[in-house]
Amino acid sequence: MSTNTIVFESKNSATRIALLENNELVELEIIAANRALEGNIYLGKVARKVELAHGKIGFFIELGEGREAFLNAEEYGMDELKICEGQSLIIQVAQEKRAEKGPKVTRMIQFVGENLVYCPYKLNVEVSSKILDKDKAHTYKDFVLENVTGQEGWIVRTSAVEHSFEDVLAEMNYLRSAFDKVRALARNASAPALLMAKPNPIFEYVAKYMPSLNKIVLNNRNIEADLLARFGEKIATEIDNAPFDTYGLEDVIVEALDKNVRLKSGGRITIEETKAVVAIDVDSGQDNGKGSLSHLNEEAAVEIAKQIRLRNLSGKIIIDFAGSSDYRYLKPVLEVLEKELSKDATKTILYGLSRGGNVEIVRSRKRPSLLDMLTVECESCQGTGRVLK
């Protein structure tokens with residue numbers, strides 16, 4: 001299945017974007033008005049230097065509006081001896097705020113286009129490993145190399161090979177001009193200041209799922225006009241004043257905050273998000289009808305992959321399936337899990353069984369989980385419970 005409907009709703013200083021497959025919610029992004037989004041570029045101000053474990057050094061950078069972000073001094077190309085408090089730096093948000101942890105920033109800024117990623121502080125040209133036609137990938141890499149000017153780096157995205165060389169070259173020039181604009185703004189700005197905001201993610205989602213997309217439902221005519229101006233007749237839009245209500249998404253979101261997920265077979269999945277790891281347990285419950293723990297675990301594997309994407313679970317994820325942890329019994333379950341995880345656009349690695357018999361997954365952390373976005377730790381019970389924001 002592929003995303004065939006995108007639901008966009010802008011309301012009460014927050015934007016929500018839902019991806020639907022056959023009218024079923026599979027992914028949700030919530031953007032608060034004052035959120036330091038991944039990809040935002042700031043002229044940050046060095047607030048203070050901090051000593052880390054093993055003799056390492058880091059810095060807290062002011063972003064404005066009372067927000068601070070962490071910058072690792074071990075980052076490539078950064079000499080911490082030349083950094084001092086009060087200094088201004090051009091930085092980009094690499095990881096958004098999560099729970100009580102502030103955002104992380106990098107000096108290795110990137111400009112993401114539809115077909116290319118411009119890396120002004122790198123010196124190589126890379127090609128997406130997802131391009132299946134390797135000859136075509138090599139051809140496009142050579143074309144980008146031929147048009148490199150000075151010291152710069154590029155990443156050729158999967159979609160590039162579906163466009164002409166003229167389109168690719170035009171995007172190279174456009175992304176270079178975006179970098180020039182950021183540098184010009186930085187020369188005249190007073191830190192801390194936002195130099196470039198990440199474009200509304202709706203445009204990236206539409207471009208990514210264009211082949212399977214049937215319609216975009218939204219409550220904002222300005223965004224609709226911008227989408228039509230960019231994509232024209234390639235997309236179909238529909239205006240709805242309360243699209244999340246129309247598609248019943250409010251109830252689905254509330255259900256996604258529950259740590260328990262019931263399976264059709266009668267089993268149950270329990271999901272616990274902790275500061276160190278996401279723990280997932282599969283319980284056979286009342287699964288007596290099918291008579292097979294293998295069937296239960298395979299059903300659970302499909303649902304777990306779905307919940308990881310829907311809840312935006314990331315970092316280390318540990319799964320304890322029901323019954324025996326012997327590899328010969330869990331091998332078919334792992335194959336199902338790997339197949340379902342491959343549908344996720346976010347980088348997810350299935351490491352297999354640990355020596356203790358648990359399944360280990362690592363998923364890239366790009367933005368907060370749904371639980372972090374919509375709830376806060378309960379002050380009375382010191383984090384053992386959560387309350388809605």
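Q: Why is helix 1 called oblique to helix 2?
A: In this predicted model, the axes of helix 1 (residues 134–146) and helix 2 (residues 165–188) cross at roughly 45 degrees and come within 11 Å. Angles under 35 degrees count as roughly parallel, over 145 as roughly antiparallel, 65 to 115 as roughly perpendicular, and the rest as oblique. The crossing angle therefore makes helix 1 oblique to helix 2. The axes are lines fitted to C-alpha atoms over the stretch in contact, with angles from 0 to 180 degrees between N-to-C directions, and the helices are DSSP runs of H or I with at least four residues, numbered from the N terminus.

Q: What makes the contact between helix 1 and helix 2?
A: Helix 1 brings T139, Y140, F143 and V144, and helix 2 brings F165, V168, L169 and M172; contact means heavy atoms within 4.5 Å. By class, these residues are seven nonpolar, one polar and no charged.

A quick note on the ground rules: residues are numbered from 1 along each chain as its sequence is written, and side-chain values use heavy atoms, leaving out hydrogens and water. Local features need pLDDT of at least 70 and side-chain atom pairs count only at pLDDT 80 or more, while totals for chains, interfaces and linings use all residues.

Q: How do you know that R221 and E224 meet in a salt bridge?
A: The term asks for a side-chain nitrogen of Lys or Arg within 4 Å of a carboxyl oxygen of Asp or Glu. For R221 and E224 the N to O distance is 3.6 Å, so the pair fits that cut-off. Both residues lie in helix 4 (residues 221–231), three residues apart, about one turn of the helix.

Q: Is R221 buried or exposed, and which is E224?
A: Buried means under 20% relative accessible area, exposed over 50%, and partly exposed in between, with a 1.4 Å probe and protein chains only. R221 has 56%, so R221 is exposed. E224 has 13%, so E224 is buried.

Q: Why does R363 count as buried, and what is its salt bridge partner?
A: The relative accessibility of R363 is 2%, so R363 counts as buried. Its partner is D344, with the closest N and O atoms 2.7 Å apart. R363 sits in strand 21 (residues 359–363) and D344 in the loop between helix 8 (327–341) and strand 20 (348–353), 19 residues apart. D344 is buried too, at 11%.

Q: How many salt bridges does a search of the whole structure find?
A: The search finds 19. Elsewhere, E21, E27, R309 and R367 are linked in a network of salt bridges.

Note on methods:
Helices (H or I, at least four residues) and strands (E, at least two) are DSSP runs, numbered from the N terminus. Ala, Val, Leu, Ile, Met, Phe, Trp, Tyr, Cys and Pro count as nonpolar, Asp, Glu, Lys and Arg as charged, and the others, Gly among them, as polar.
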